[in-house]
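Reader: I would like to learn how to read a few features of a model with you. Could we begin with a pair of helices and go on from there?

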Amino acid sequence: MIETWGNEALTLHFTTEPEGRVRLTGLNGSTAGRAALPLVEIELAGHGRSGTSGTRHVDSLVSARMRYAGHEATAEQLTVRLRDPETDLRVAAHYRLTGAQPVVTAWAEITAGSQEVRAESVSSFVLAGLGSALGAPRWERDMELWTADNPWSGEYRWRGVPLADAGLIDTGMTRYGQTGTKNRIALTGTGSWPSSERLPMGWLTGPDATLAWQIEHNGSWLAELADRHDELYLLLSGPAQREHQWAVHLAPGETFTTARATLALAAGRDEALAALTGHRRAVRRPHPDTVELPVVFNDFMNCLLGDPTTERLLPLVRAAAVTGAEYFCIDAGWYDDERAGPGAGGVPGWWDAVGAWEPSRSRFPGGLAEVTDAIKSAGMIPGLWLEPEVVGVRSGIVPTLPDEAFFRRGGERITEWGRHQLDLRHPAAVAHLDAAVDRLVTEFGLGYLKFDYNIDIGAGTDSSPHDPGHGLLEHNRAYLRWLDGVHDRHPGLVVEGCAAGGMRIDHATLAHVPVQSLTDQQDALLIAAVAAAAPTAVPPEQGAVWAYPDAAWSDEEITFTMVSAMLGRIHLSGRLDLLDPRQTGLVTDAVTAYRGYRRSLAHALPSWPLGLPGWRDDWLALALDTGTETLLAVWRRGGDETVRELPVPAGTTRVESVYPVGAPGEAVLDPVGGRLRVTLPSAPSAPSARLWRLTRDGAPLS
């Protein structure tokens, strides 16, 4: 029997009842008491729930029948084995620690025994007793739920509300023998854009602690928070039948493995997010890119916008090299021979003809190699944009692939916004993409590929005898295997993940790509709010932020756009070739300053001295703590106020300007009070931003 397991920072407590039922009863000494739930909640067709009804995914009869069948424990991982005596279903509940951090990842495997089963919901992680764990026995008042809306070009919009305001109240019915309200707070992502409406993560805060969570799946997901026997539980899972049209049919001996979900328990928000950041780094595929953080120029944003030619690119190549860019990525349109203008909805004419990934002859009369060779001659590494998972309905690739290589429902190929979706479960789809990638990398000496994804294909694809949602789940996993194959065949190749900006901010995808596009936002004033909030979800060394200086802008406006990218990954764009020497100098100064500290971002931890950024806040601040110093970015986007005070880390002794050096504005440190008084310049309708370095306890200035 297992009673406790964990590390010094996080301990899981279990109980095994006399008849063999095993429950996870709490964390770090907290207890769920009567509200404790089985380790895995499973819904099988033909087996309902007991003691409750409604939309919740707990109290299933199958889970209640599960009996202890053994366990294996090491310092890093615990596996508890269970068996249902009625269906002979076998379950392995897995828990894995992330080093010494207060972080645990959970997932489950279910295996059909002597009977066939149809599973319609399987939890990855379920934990009751949250009120006890967070010090909030009056949870409807004393506990806040924080979630992030994630609209296209307005990503990472965090908001926190008391549970009562989120719709979960104590109705008092437990006094009459009931389990609770039967209500729930359900957060879901549906389809192939897992973060298109909200991020697959969040946190709960109470008087004593914060519990943060994330679901590590690049497709549909569910987070369920509800009351039960005067306590709260949190259930995390991948797709389910009710919400996502998912079910899996298992013949005897067949196994299904759930998505993974991770929890971090810490004293406060910043500590919990720091622990999650450490976990994200620990499970991510190693790549030199996340250590070296090279500067990328991409020709799309507020620049060529999908209309590249040799004539337009060569001046940009020269300008990007002057500023210090190390990679030059040619974005969308390089394959378009039609030279068509925008079509319906403002999309380019090539939108529904993509898929062959052959360079355009009309755009590059001397061949695409003329441009990629110029990039190399300028001291940079060339890259290309691809949208690998889609094939346009007019593409010549469509008739060369079997129907089974595409997403289908009811036997019909799905069409979404002029595109078909490849199904990477099929070897023909994989072979097509492998051939395209290998050809381009070899022929043009590419060191960078940006993989975009601009459609959401919906619930899934035909997957008999399973439901469509399972077809999507299997494709999601096949896509990650394909990404790994690209890296394996081309060591050192940098792959940027993108899905219309930030529509795939999930930690299945992020574990397989070294750099991730954060947004498609084109407004420099608004992208500051995106950049400042993004480290809640993406480690700083992985998050690509657009900086797009414009020749019509003032020095302060150019400084503003550069600061927005300097605590993440600088992705330059805009018409650098039109900047005058002074403006070019501002960009070059930012890149030079960034090179001086960028490697430290790979272990820096974020905090927000002015609170998490609001979309329309006049002032924003993001701090990254590297261990001996803090890099602090402050933005002033408007309003009459030109002075703000911010808290600084204990022991801060000095403040130094990083960028821009010698510009108006100042930061005055009060080391005794632990405050920094920031003054930013004020000009009519002109924003301003600065980057400072705060040093602690005699650590040397760089």
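Author: H13 passes H14 in a right-handed crossing; a crossing is right-handed if the near helix is turned clockwise from the far one by less than a right angle, and left-handed if anticlockwise. This is a predicted model, in which local features need pLDDT of at least 70 and side-chain atom pairs count only at pLDDT 80 or more, while totals for chains, interfaces and linings use all residues. Residues are numbered from 1 along each chain as its sequence is written, and side-chain values use heavy atoms, with hydrogens and water left out. Helices (H or I, at least four residues) and strands (E, at least two) are DSSP runs, numbered from the N terminus.

Reader: At what angle do the axes of H13 and H14 cross?

Author: Axes are lines fitted to C-alpha atoms, for helices over the stretch in contact, and angles run from 0 to 180 degrees between N-to-C directions. Here the axes of H13 and helix H14 (residues 581–597) cross at roughly 25° and come within 10 Å. That makes H13 roughly parallel to H14, the term for angles under 35 degrees (over 145 is roughly antiparallel, 65 to 115 roughly perpendicular, the rest oblique).

Reader: How should I read empty space, and which residues lie closest to the centre of the largest cavity?

Author: Rolling a probe the size of a water molecule over the atoms shows where empty space is left. On a 1 Å grid over the protein atoms alone, a cavity is a set of points where a 1.4 Å probe fits but cannot get out; a pocket is an open set with protein on both sides within 12 Å along at least five of seven lines, and lining residues have an atom within 4 Å of a point. Grid points are joined across faces, edges and corners, and a volume is the space filled by probe spheres set on the points. There are 7 cavities of 30 Å³ or more, and the largest has a volume of about 90 Å³. Its lining has 15 residues, with Ala-531, Pro-535, Val-545, Leu-567 and Gly-568 closest to the centre. Strand S33 (543–547) and helix H13 (555–565) each give two or more residues to that lining.

Reader: How many residues of each class line the largest cavity?

Author: The lining has 12 nonpolar, 3 polar and no charged residues. Ala, Val, Leu, Ile, Met, Phe, Trp, Tyr, Cys and Pro count as nonpolar, Asp, Glu, Lys and Arg as charged, and the others, Gly among them, as polar. The second largest cavity holds about 50 Å³, and Trp-246, Phe-256 and Leu-473 are among its lining residues.

Reader: What lines the second largest pocket?

Author: That pocket, with about 520 Å³ of space, is lined by 24 residues, and Glu-216, Arg-260, His-507, Ala-508 and His-512 lie nearest its centre. H11 gives the largest share, 4 residues. By class, the lining has 8 nonpolar, 10 polar and 6 charged residues.

Reader: And the open sheet: what is the order of its strands?

Author: Strands of a sheet pair through backbone hydrogen bonds, either parallel or antiparallel. The 4 strands of this open sheet have the order S1-S2-S3-S4, with antiparallel pairing; two strands pair if DSSP finds at least two bridges between them. Strand S1 (4–6) and strand S4 (37–38) are the edge strands, each pairing on one side only. Strand S3 (residues 22–27) is joined to S4 by 2 bridges, and Leu-24 stands opposite Leu-37 in S4. In the loop between S3 and S4 you will find Asn-28, which has a positive phi of about 50° although it is not a glycine.
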